[in-house]
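Work through the following exercises with the sequence and the model side by side. Each task is followed by a solution that goes step by step.

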Amino acid sequence: MGASAYMQERGYSSEAKASWKEDRMSRVVQRVELVEETGGVVGVLKREGDWQRADWRWQMTHRLTALSELRALVEGFEPSEGQLRVSMRYPFAVTPYYLSLIESFTPEDPIFRMAVPLAEEEDDAPALFRDPLAEEEEEHRPVAGLIHRYPDRVVLLMNGLCPVYCRHCTRKRFVGIEKAAASSEQIEGWIRYLRETPSIRDVILSGGDPLTLSDSRLERVIAAVRSVPSVEIIRIGTRIPVLMPMRITSELCAMLERYHPIWVVTHFNHPRELTAQAAQACDRLLRAGVPVNNQSVLLRGINDHPDILEALCRKLLMNRIKPYYLHQSDLVQGIEHLRTPISRGIQIMEALRGRLGGLGIPQYVIDLPRGGGKVPILPNYILSMSPEYTVLRNFEGRIVTYPEPCISAASKVGVNQQEGEGEQGKRAGIGGRMRGGVADQLAGLDTRPLIPQKPDTGGSAKGENGDR
Ligand code: SF4
């Protein structure tokens with residue numbers, strides 16, 4: 001059956017038809033036919049049953065990539081017309097391993113919610129963008145596939161292939177659609193740019209997921225980047241430990257070890273994702289000297305509760321993974337139903353501050369729309385400031401005064417003044433109108449230059465002092 005006939009039979013509207021890409025539809029139809037005729041991937045999964053199999057290539061080749069396959073595999077799962085339409089616009093794929101973490105095939109299950117398209121992805125609120133961080137704009141993309149937004153770091157987009165297409169992905173616009181790995185010419189262009197721009201010290205390999213590439217292909221890029229004298233660290237942004245932990249093989253770790261310092265930044269959002277297999281994958285990286293940091297995204301119906309994030313952060317610490325960032329969702333089309341108000345994020349951070357030590361608390365940040373960069377968001381702990389003292393509140397709401405260094409004879413305030421004591425304390429309400437007030441009061445409190453003319457950084461970086 002051709003794509004048009006398929007759509008005709010299922011009664012899709014002409015607008016829906018127009019918005020679909022014929023070739024992608026054809027591929028789905030082909031897969032449906034394959035499943036019907038041979039049992040296809042679904043048949044293999046049903047027969048073999050070992051979905052946690054420790055062979056990452058098997059995991060990649062046995063991904064489900066159409067909702068019809070999920071329907072054939074999971075009794076009672078019936079995708080809606082809206083879900084099918086969404087899966088045409090934003091691809092669907094899930095590894096057998098990640099699928100096995102789903103406990104109930106409903107949107108209430110956090111893993112299901114991150115992996116399976118929902119009809120709500122069609123609801124594009126006006127504030128959302130296809131490319132919320134302006135990664136495709138020329139000013140941030142001096143070379144194809146290279147994003148340069150901050151002076152000292154760049155992101156290299158290695159490919160558009162991932163084991164699972166996360167429903168909350170910031171790069172929904174191309175992951176699973178433009179899957180090809182960067183070409184040799186493109187990589188040469190990156191290396192040329194890095195050599196010509198010695199201010200870049202930190203190179204982040206991203207995508208897609210760079211660890212879907214073979215070891216040899218990955219090594220070619222890492223070795224080339226490492227050969228640039230001004231590059232200090234290489235970071236790999238990957239969700240592989242979460243979605244397909246068997247990819248973290250000892251061979252991969254041995255290869256990474258040759259190019260230190262290499263860091264991995266991974267992406268666990270929910271404690272159920274941190275399985276024994278995922279923990280072992282991170283342990284292999286750590287034993288190879290690769291520090292593992294975690295960035296989560298705050299997602300409605302998935303982790304927008306302090307109990308869930310506390311459990312996740314504790315589990316991360318137990319596995320020597322540092323909770324690094326908690327991201328406010330980017331303004332990306334297709335994720336409105338997963339966005340959480342900033343006020344909710346602040347409440348969660350308040351709650352975490354009382355429950356976890358500092359090591360376990362991620363930094364809550366918002367990546368400003370249109371390439372504005374990351375801004376940390378904190379509950380309001382500073383109530384007021386003056387040249388003599390600063391009034392703060394702690395996580396219990398207790399108000400405490402901190403005396404500043406004696407830069408004025410008027411400084412006579414002690415520590416641990418209780419709520420209501422002191423002029424500023426009397427004026428300050430918890431969480432009240434302090435933002436503008438503090439900013440105003442900061443001006444002129446300390447007139448020393450913020451950054452000394454010649455900072456002593458405790459040693460020079462590669463490329464400084466003319467040594468390279
Ligand atoms: S693995 Fe990363 S890049 Fe790929 S879909 Fe998930 S969030 Fe996006």
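**Exercise 1. The ligand shell.** Determine which residues surround the ligand, and sort them by class.

Solution. A residue is near a molecule if its C-beta atom, placed from the backbone, lies within 6 Å of it. The residues around the ligand are Cys 162, Tyr 165, Cys 166, Cys 169, Arg 171, Val 175, Gly 207, Gly 208, Asp 209 and Arg 239. For the sorting, Ala, Val, Leu, Ile, Met, Phe, Trp, Tyr, Cys and Pro count as nonpolar, Asp, Glu, Lys and Arg as charged, and the others, Gly among them, as polar. The shell then divides into 5 nonpolar, 2 polar and 3 charged residues.

Before going on, note how the model is to be read. It is a predicted model, in which local features need pLDDT of at least 70 and side-chain atom pairs count only at pLDDT 80 or more, whereas totals for chains, interfaces and linings use all residues. Residues are numbered from 1 along each chain as its sequence is written.

**Exercise 2. Cis peptide bonds.** Find where Gly 208 and Pro 261 lie, and describe the peptide bond that leads to each.

Solution. Helices (H or I, at least four residues) and strands (E, at least two) are DSSP runs, numbered from the N terminus. Gly 208 is in the loop between β3 (202–206) and α11 (215–226), and the peptide bond from Gly 207 to Gly 208 is cis, with omega near 20°. Gly 207 and Gly 208 are also among the residues that surround the ligand. Pro 261 belongs to the loop between α13 (250–257) and β5 (262–266), and the bond that joins His 260 to Pro 261 is cis, with omega about 0°.

**Exercise 3. Two helices that cross.** Describe how α15 and α16 are arranged, and which residues meet between them.

Solution. Begin with the axes, which are lines fitted to C-alpha atoms, for helices over the stretch in contact, with angles that run from 0 to 180 degrees between N-to-C directions. The axes of α15 (residues 306–318) and α16 (residues 342–355) come within 9 Å and cross at roughly 50°. That makes α15 oblique to α16, because angles under 35 degrees count as roughly parallel, over 145 as roughly antiparallel, 65 to 115 as roughly perpendicular and the rest as oblique. Next come the residues, where two are in contact if their C-beta atoms, placed from the backbone, lie within 7 Å. Pro 306, Leu 309 and Glu 310 in α15 meet Ile 348, Ala 351, Leu 352 and Arg 355 in α16. The residues of this contact comprise 5 nonpolar, no polar and 2 charged.

**Exercise 4. Buried or exposed?** Classify Ala 182, Ala 134, Arg 370 and Lys 46 as buried, partly exposed or exposed.

Solution. A residue is buried if 20 or more other C-beta atoms lie within 10 Å of its own, exposed if 12 or fewer, and partly exposed in between, with C-beta atoms placed from the backbone. Ala 182, in the loop between β2 (153–157) and α10 (184–196), has 23 such neighbours and is therefore buried. Ala 134 has 17 and is therefore partly exposed; its phi is near 55°, a positive value in a residue other than glycine. Arg 370 counts as exposed because it has 12, and its phi is also positive, about 65°, although it is not a glycine. Lys 46, in helix α4 (residues 40–48), has 11 and is therefore exposed.
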